[in-house]
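Reader: Please give me a close look at the annotated active site and what lies around it. Keep it brisk.

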Amino acid sequence: MKVVEHLDLTLYNSYRIKAICKRAYFPDSENDIQTIYTSDDDVRKIVLGSGHNIILSKSTYDDYFIIFSGNFNRVTITGTEVVAEAGISMYDLSLHALAHELSGLELFYDIPSSLGGAVVMNAGASGEEIKDLLTKVRYYNPSSNQFADIQQDEMAFEYRNSFFQRNPHLIITKAWLSLKKGTKAAIKEKMEQNKATRWAKQPKEYPNAGSVFKRPKGFYVGALMDELQLKGYSIGGAKISEKHGGFIVNVNNATGDDILRIIKHAQDKVHERYGITLEVEQRII
Ligand SMILES: NC(=O)C1=CN([C@@H]2O[C@H](COP(=O)(O)OP(=O)(O)OC[C@H]3O[C@@H](n4cnc5c(N)ncnc54)[C@H](OP(=O)(O)O)[C@@H]3O)[C@@H](O)[C@H]2O)C=CC1
Ligand SMILES: C=C(O[C@H]1[C@H](O)[C@@H](CO)O[C@H](OP(=O)(O)OP(=O)(O)OC[C@H]2O[C@@H](n3ccc(=O)[nH]c3=O)[C@H](O)[C@@H]2O)[C@@H]1NC(C)=O)C(=O)O
């Protein structure tokens, strides 16, 4: 297993915030995960997927990071069933599905995420969510040092919520997905169409981590930012995107604190005008 002391996390978070951690582990097997958690120390351990949904709030961490980003990424496909390890990127997984003429993952071609991160957040867009493809998930429980499988209907998925958000100490190691037979041309067309629509709406030209807030019932965050004229509102190197008000972008060496202060300002303004509390979707670490 790759282990790096004092890793610079800039390339492991999509906001490109600079922060150093005490140590980073890149596990490549379930055995590696057990080794990390059964080692004799009480340093806090923080799990990351591909880092597309996190805000690093500190510049140094005296913690160990366990990173699933391209490592621990094997896939097997049998008929319409896909079994993949948590570190595979959803982009790569969608390409495997395309190569096997399997439909269902087209949307995930452009949703930046690891498979583990996608399961935790019940990732989705355009009305589709990963919960609809999953049949089973395997995880490691550090408290008992055991692995266990959980079936789809036991995970009580909701909008941007899952069993794993309610049990953050559990580590997803593998997932089983059920796809449908399709044709290469139709699958590829849906992938590219969806990507084009998203690139037209989202500020892909700057480092960001997707939607900052969950969608409040009956409102769109982007529209609220428009109405409050908060688009372009900036602190330090971060600002609310002019292209999509639901995103904060790093335009000039932003820190986690710049982002958190913008979040607070937007929450205050929205609460003042509409009485709504915007819930942060991204994980603040
Ligand atoms: N729809 C869109 O356009 C976009 C969506 N996103 C979403 O953000 C997420 C990004 O995924 P990713 O970059 O991989 O996640 P991150 O690396 O950003 O991790 C986010 C959190 O997920 C948990 N996590 C990640 N991997 C695992 C694992 N194997 N086991 C247990 N917990 C894990 C950790 O929280 P903890 O340990 O506290 O559980 C972590 O803090 C996806 O859900 C993606 O869909 C992001 C950008 C755009
Ligand atoms: C980007 C993410 O997922 C996104 C996902 O891509 C899109 C599309 O399905 O729908 C959610 O965003 P969203 O609520 O901002 O939806 P969008 O479709 O982008 O916008 C909704 C509406 O707001 C309007 N809008 C958007 C941006 C803006 O600056 N101004 C504005 O008025 C749009 O015109 C649209 O009518 C997901 N976010 C959440 C938290 O549910 C993410 O999770 O990180």
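Author: Helices and strands here are DSSP runs, numbered from the N terminus: a helix is H or I over at least four residues, a strand is E over at least two. This is a predicted model, in which local features need pLDDT of at least 70 and side-chain atom pairs count only at pLDDT 80 or more, while totals for chains, interfaces and linings use all residues. Residues are numbered from 1 along each chain as its sequence is written, and chains are lettered from A and ligands numbered from 1 in the order in which they are written.

Start with the annotation. An unreviewed UniProt entry places the feature "active site" at R160, S211 and E281. UniProt positions follow the numbering used here, feature names are shortened, and annotations may be inferred rather than shown by experiment. The three residues spread over 122 residues of sequence, yet they cluster in space, with a largest C-alpha distance of 11.3 Å.

Take R160 next. R160 sits in the loop between β12 (146-151) and α4 (163-166). A residue is buried if 20 or more other C-beta atoms lie within 10 Å of its own, exposed if 12 or fewer, and partly exposed in between; C-beta atoms are placed from the backbone. R160 has 18 such neighbours, so it is partly exposed. Contact means that the C-beta atoms of two residues, placed from the backbone, lie within 7 Å. Leaving out residues up to four places away in sequence, R160 touches M121, N122, K214 and E281.

E281 lies in the loop between α7 (256-274) and β18 (283-284). E281 is also partly exposed, because it has 17 C-beta neighbours inside 10 Å. With residues up to four places away set aside, its contacts are R160, S211, V212, F213 and K214. So E281 touches both other annotated residues.

What about N122, one of the contacts of R160? N122 is found in the loop between α3 and β9 (124-125). Its phi is near 50°, a positive value in a residue other than glycine. N122 counts as buried because it has 21 C-beta neighbours inside 10 Å. Compare A156, in the loop between β12 and α4. Phi of A156 is near 40°, also positive in a residue other than glycine. But A156 has 11 C-beta neighbours inside 10 Å, so it counts as exposed.

Now the ligand. A residue is near a molecule or strand if its C-beta atom, placed from the backbone, lies within 6 Å of it. On that basis 28 residues surround ligand 1, and the closest are G49, G116, G117, A123 and G210. Elements giving two or more residues to this shell are β3 (45-48), α3 (115-121) and β13 (171-178). Of these, α3 gives the most, with five residues.

β12, which comes before the loop of R160, belongs to a sheet. Strands of a sheet pair through backbone hydrogen bonds, either parallel or antiparallel. Two strands count as paired if DSSP finds at least two bridges between them. The sheet is open, has five strands in the order β6-β7-β13-β11-β12, and pairs antiparallel. β6 (75-78) and β12 stand at the edges with a single partner strand each, so one side of each has no neighbour in the sheet. The twist averages 15° from one strand to the next. Angles run from 0 to 180 degrees between N-to-C directions, using axes fitted to C-alpha atoms, for helices over the stretch in contact. Six bridges join β11 (134-141) to β13. In β13, K174 is the bridge partner of R138. Helix α1 (30-38) lies across β11, β12 and β13, at about 155° to β13.

α7, which comes before the loop of E281, goes with another sheet. That open sheet has three strands in the order β15-β16-β17, with antiparallel pairing. β15 (234-235) and β17 (248-250) are its edges, each with a single partner strand, so one side of each is left without a neighbour in the sheet. α7 packs on this sheet and touches β15, β16 and β17, its direction making about 25° with that of β16. β15 pairs with β16 (238-240) over two bridges, and I235 stands opposite A238.

Last, the setting. The chain comes to seven helices and 18 strands. Of its 285 residues, 40% count as buried.
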